[in-house]
Amino acid sequence: MTYVVTVDTRIPEGTPEMDPLQRAGAVALLEDGFQSVKSLEGADGAEADLLDSIVAVHPDGALLKVFVDAPALEFAEDAVQVLVDELLERSELLADWRIERCEVELHQDLAKESLDAADGPDAPPDDPAVRKARHAQHPTGERVGEEYDADVRAKSVRNRMLELADQLRSFPPAAFGVLDTLDTLDALDGEEGQGGGAGLVAGALVLATDVLVSELFEDVQVLTQEDSSVAECEGPLWHLERLPDRYALRYDALFARRFLVTVIALTTRFTDGSFRRLGCVAEELALRFLLREATATLELYGLLDDDVSAALDAFAGHVFEDMDHEWLYDGSVDGDEEEAVGTALGIELVPFEEWFTPFDEGRYVHPSVADGPEEARR
């Protein structure tokens, strides 16, 4: 069976963030290392085939997606961890890096299919929510009898979000509706009424970034393997099915890769302090996805109260300059009629061919996805 193993690697604590040259070097070292390996072998002699790998390096480390054909999930995780350990040790640049996470993330549809096939007294419960609670629990302190203590998990997630809040360096508390003289999110004390809503939203956005990027990697792989568009794809997709339906036949693997790079570039600017304005329609859609993921996480753990909802709305209003892109989801507007309808409504419906075109010369769009100079500028 093919497993997708996610590996989160980080540079040593206290080490300065990698500059662009160092990041390029890390990409080359990791990609060369994966290309030199064809198969993996376990302690019991079992073997797995290394099918593909995707490397995404950021200032604090790298997120890896390793695709292996292995006899079991546990074997896939163990074998990939051993492999990545060896790749890191080979290079002086990467030798001190640490692996923070190495695990298989099953798509919800595939996981449900597998669980539904289980039988017997140890089979998992039918209710997906109960299953999720059972598998998400912490080893200690999160069970009361046979019941899962969701409050303990929610408190843990809440604290983690508040710890991560200051990583969203491009946005002061005012961007979340905090009417105060504070300049940075790390100045918040995390209590409700004192910016707790802002801190939770900022932290949720950081958590959502990791999830969104990871799952988009898998969407890219599915489309690449099937050589199909979103409309024709038979495999499960995490996010790309939520793009405007009218262009589903045009969301192929190349588009998916461009969109993934756009998400990574946008969220990197959010966290490194360089973000100023959204650069193109693709970034508007990327932010829409990020907000949806953050909202879902907050709601899942019972953290989406009125203060948090208000902070989410304030952040969206701060970053979005307009909501014209929402009209792309209006099924009553035909693609051939977009320009006429937009003119009549006083909005600008950007054609699909210009989704990666900068709105104007002062906007940033990642060089590897930006449309060429021959494309019309908005």
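This is a short tour of a predicted model, with suggestions for what to select at each stop.

**Stop 1: colour by confidence.** Start by colouring the chain by pLDDT. The mean over the chain is 79, and 76% of the residues reach 70 or more. Now select residues 126-148, where the pLDDT is below 50. Beyond near neighbours in sequence, this stretch has 26 contacts in the model. Then pick residues 373-378, another place where pLDDT stays under 50; here the model has 14 contacts beyond four places in sequence. Where pLDDT is low, the predicted coordinates should not be read in detail.

**Stop 2: the sheet.** Next, find the open sheet of 5 strands, and trace its order, S2-S3-S4-S1-S5, with antiparallel pairing. At the edges you will meet strand S2 (39-41) and strand S5 (98-104), each of which pairs on one side only. On average, neighbouring strands in this sheet are turned by 30° against each other, direction ignored.

Zoom in on strand S1 (residues 2-10) and strand S4 (residues 61-69). How many bridges join S1 to S4? There are 9, and the two strands run antiparallel. To see one pair of partners, select Arg10 and look across to Gly61 in S4.

**Stop 3: the helix across the sheet.** Add residues 73-90, which form helix H2. Helix H2 lies across S1, S2, strand S3 (47-58), S4 and S5, and runs at about 155° to S5.

**Stop 4: a cavity.** Finally, select Val281, Glu284, His325, Glu348 and Val350. Of the 10 residues lining the largest cavity, these are the closest to its centre. The space inside is about 50 Å³. By class, the lining has 4 nonpolar, 1 polar and 5 charged residues.

Methods: Residues numbered from 1 in each chain as written. Predicted model: local features only at pLDDT ≥ 70, side-chain atom pairs only at ≥ 80, totals over all residues. Heavy atoms only, no water. Pairing = 2+ DSSP bridges. Helix = DSSP H or I, 4+ residues; strand = E, 2+ residues; numbered from the N terminus. Axes fitted to C-alpha atoms, helices over the stretch in contact; angles between N-to-C directions. Contact = heavy atoms within 4.5 Å. pLDDT = per-residue confidence, 0-100. 1 Å grid on protein atoms, 1.4 Å probe; cavity = no way out; pocket = protein on both sides within 12 Å on 5 of 7 lines; lining within 4 Å. Points joined across faces, edges and corners; volume = space filled by probe spheres on them. Nonpolar A, V, L, I, M, F, W, Y, C, P; charged D, E, K, R; others polar.
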